[in-house]
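Hello,

Here is the structure I promised to pass on. My notes on it follow below, so please have a look when you get a moment.

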Amino acid sequence: MAIGEVFIGAFITVLLERLTSRKLLRFLHPAGIDAHLKKWYRTLLTIEAVLNDAENKQTSNRAVKVWLNDLEELAYDLDDLVDKLNTEALHRELKETNETSTSQVSMLRLVMNVRGRRDRTVTRLQLTSVVLESQVHGREKDKEDILNMLLGVESTDSPFSVIPIVGMGGVGKTTLAQLVYNDDRVKEEFDLMAWACVSDEFEAFRVTKIILETVSSQRSDYDDFNMLQVKLKEKLSNKRFLVVLDDVWNESYGDWDILRRPFFSGKPGSKIIVTTRQERVAKIMSQIPGYHLSVLSDDDALSLLAQHALDSKTFDEHPHLREVGTSIVSRSKFVAGDKCLRMDEVLKENLPRNISENVRHFSFIRHQYESYKRFNFVSQIQRLRTFLPLPIERKYFEEFLSKRVLLDLLPNLYCLRVLSLNGFSVYELPDSVGDLRHLRYLDLSETLLKWLPLSVCTLINLQVLILRGCPRLTKLPASMEHLINLYHLDIVNTNNLHEVPQGISQLASLRTLSKMIVSKSSGMRLRDLGNLSLLQGEISILELQNVVNVQEAIDAKLIYKQRLNKIRLTWSNKFGDCRNEILEFEVLNALRPHESLSSLEVECYGGAKFASWIGDSAFLKLEKISFNFCRKCTTLPSLGQLPLLRELSIRGMDQIKVIGADFFGNKDSGELPFPSLDSLTFEDMPDWEEWLGLAHEEEGIIVLPQLSKLYIRRCPKLFKLPILSLPSLCELEARECNEVVLNHMRNLESLTQLKLWRIFGLTSAFKAFVQFPFALKNFEVSDCDDLLTLWPRDNIEQNLISLKQVFVARCPQLLSLQEIGVLPVRSVKIWSCGALELLPNNISCLELLYISNCSSLNMMTTLLDCSTSLEHLTIGSWANLNLTTLLGSVRSYSSLTMLYIDDCNGLESFPHGGLPTPNLKSLLIGDCKHLKSLPNSMELLLSLESLSVRNCPSLIEPFPQGNIPPNLTDLIVGNCGTLKPLGEWNLHKLARLDTFGLFGGYPDLVSFSNDDDDCQRYLLPPSLTFLTLSHLPNLETLSKGFQNLTSLHHLQISDCPKLVSLPMEDQLHNLSRLRIGGDCSLLKKRFMSMNSIRSSRTPGVLSVVMMGHKIMLCLVVDQWRKCRRKQGS
């Protein structure tokens, strides 16, 4: 499907509806503008009739393509104009005046050049498997990657596997699938092949029929879906097949599960290729990570541009156009024609200048520090509709956006429909946001806003407002009733928001209200929910203790909100005399929801028992129930009869002592309780003593057939419980409970993950179970004071054949772990086992070893047997560590990429001849007080990228003879001895060094210039982007030695009390962030006036924090000169 089709087709449909709006026609009639609307309506009908014919010609007929693009531009402009008129009409309606504006008449100057088109419709063709390979550019590697996945040998229990191809619209997913589908190697590999275009309407019947007709090479007349699937199953039986499902949008696992059922009859090695824009779709349909298709390289994009612009593969016959084409490709990464502009990672310094005026949608790959310089070209695109950072979820803990983007850029984008500032450290939203009258979607999630400006309430077209995860948000604007078109308000995880405005209850169109806080003053009351009849999805109702009478709960009318399927009811976590147990019970009883409910959470409820409707068998769709910290309840409701209940969590029930047979529900003797239960949690139940079984069950056995996850945490008094038959259990966690809990579990043949934390009386993990789970893959044990051994060594090798990970921590009586030496363990982590003396003599396939704070451990262990497999080695707090003994005499640990050594005071040197780790990428050494030197021959560690050495006071010469690893990207040296001059390190030779941190070790360092040696004038390489300097007591200036740091973007300075100057202005213009902290007294005086900038609107300043003797500045220095002029310097 062409992107142009989507845009203009959608616009025509929407515009036809909007142009016939009675409200709009009534508003414009006094000015005579309604006649124009009727004329446009007739013209749009003609365009719609012609459009379908043009869609099928636009890729081959250049004239039609140009014509269609002109139509698209017209549709955009017309939509903008109609939207302005609608907005004015809404404002007038809100003001309740009879004045009619004629100021819009001057805007009605549109020219239509469409004449004489036949009024007919054509069904739009879906994309097929046919491809013209000669016109495809730059997908050779992608094609081979997919072919390798298709034709490669894989081990899987399923007869087929799914290969998702994921990418944005128009990037070439379908084309790539076509190339693979038509490859001769593929045709030879598979017995049967089929192609089906799924599109946005997922119709299992249609797709199944297409596949059946393709693989059988004949038309199918079956109208029954069951017969279709049976026939397809028969046709695929014992055949290796390839099916392509193109353009999948559906995110329902249930729909996919139904469609795929016939595929299981195929021969192992069968494949399904799925193309989709949605990562979630890929995860639902496949266990294989999606193949993410990126945009074309500049060269391939240039070839593609030549193909479509000149019908040629190159610009050779048109050399005068080559420069123009190169400029277009290198300066603007366009995806989906000229309407969408995506600023890729490669566009860092080489920013686009000549942007098409037709661009309407702009997205960009987000960086941690976004300066105005990166976006100044956007001012050329005043009709922009979308401003979207990617990925949607932020990449960094903190992300900063220049204030100039908010103050100078966004207010000029008056056509903006979609604005996302998601994840940026934005503290204040300017009032000018209210001028974006067309705005429909505003995403401010995970920002640092405390409040929204009142002008937000003038955005009467706003449909979606997302404030999810704003930790500082304290209030919403008071006049939110003016947002009459608001459908979706997301305020989840706004813990400092303690009241929502009462005006929200007047938003009759509101579909989503994720959180509602019951007010006891001027905010929204519980009864106000009754006005919001269209609510759907999920809602959290907080502070229910503020309800003063049960009628408020009745008036909320939850029982009539059929589409509200997830409800969380929360009272205050403060239990005291002011709480009314009877009233809270009556309120809970009156808040009965509709029977379509799928999820219920009750938190901090203060009644003595739960409402009668909880557990009612009428709630057939209920899948999740959670009771959290309902500390006054003495009993649990009957829940075992709920047929679809999959997740049950019971936490903080202080008064529960006995869970009786009623808990399992009113089941007949032949029915099992909790037939669908997948996850069960009991947590923080300090007085729970007995868990009784069913009276009619023999020997008190409870069978939970579908339970895969069981968590019993902090239930210290639980001693009596039934025998639990758990044939599907995969994950078990027991924490702070008695060993007897483990004794009562049976049929654990599916258990693969076992976590035991602080199990009272546990001496042996093996003996704790009547039937030990030999299928374990991951085993964790921690804080078990009585543990003496994990399991016996006899015959264990034949049973625990799947064990891959072992974690042991804080078990003070454990002496040996030699029993794991015979197992195929890949990861071993041991922490704080003070009595541990013996590790396994050998572990042949170990990939990760972590040992820390095991003071009694001897040095008999060697890692020789895993020299080819070990990838990550961490040693901490091992006083008598001898690396030579540990590593043995082997010449090469070829797989080792990470080596971390911390707090090993016995370590004085590394093995003679250097580290036998040719592929080491990361080396971290810290708190080794007697270490005198780093390994020899470090210049041979060609793969080493990251090196950190901290708190090694005996180390004075990190790189003797200049043997520095040549490919370092990150180097941190901190709090070592009095180091030799920095100039002797040869850091300027490190062409790839990106990050350098220096923390102490140079009491005499005054400047960063190297005046004594003209041949090595600069101490640091020009590749550096991140520089941190700390605890340099005599450093006075950074002005010298910074001339070559042309790539520096981040500068952090701390505890440099004599530092008085920073690099000059011409050396600061590339900085994205400057941070000054600690004892920098002279700089503090210089920048003290910046405290006033924090609350100002000075462009370029992201944040300024003053805390006592500390000053921390975060500046975007594109406006450095303005800031300095404000300071008078």
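To begin at the surface, Tyr222, Met227 and Val230 make up a nonpolar patch with about 210 Å² of accessible area together. Patches here take residues with over 30% relative accessible area and no salt bridge, with nonpolar side chains joined within 5 Å; a salt bridge is a Lys or Arg side-chain nitrogen within 4 Å of an Asp or Glu carboxyl oxygen. Areas are Shrake-Rupley values with a 1.4 Å probe. Met227 sits in helix α9 (residues 225-236) and is partly exposed at 32% relative accessible area, where buried means under 20% and exposed over 50%.

This is a predicted model, with local features needing pLDDT of at least 70 and side-chain atom pairs pLDDT 80 or more, while totals for chains, interfaces and linings use all residues. Numbering runs from 1 along each chain, and side-chain values use heavy atoms, without hydrogens or water.

Inside, the largest nonpolar core (buried nonpolar residues joined through side-chain atoms within 4.5 Å) has 235 residues, and Trp691 is one of those touching the most other members. Beyond four places in sequence, Trp691 has contacts (heavy atoms within 4.5 Å) that include Phe663, Leu680 and Pro722.

There is also an open sheet of 3 strands, ordered β25-β27-β29 with parallel pairing; strands are DSSP E runs of at least two residues, helices H or I runs of at least four, and pairing takes at least two bridges. β25 (701-703) and β29 (745-746) are the edges, each with a single partner strand, so one side of each lacks a neighbour in the sheet. β25 pairs with β27 (residues 723-725) over 3 bridges, and Val703 has Ser725 as its bridge partner.

Best wishes

Notes
Buried means under 20% relative accessible area, exposed over 50%, partly exposed in between (1.4 Å probe, protein chains only). Patches are made of residues with over 30% relative accessible area and no salt bridge: like charges are joined within 9 Å, nonpolar side chains (Val, Leu, Ile, Met, Phe, Trp, Tyr) within 5 Å.
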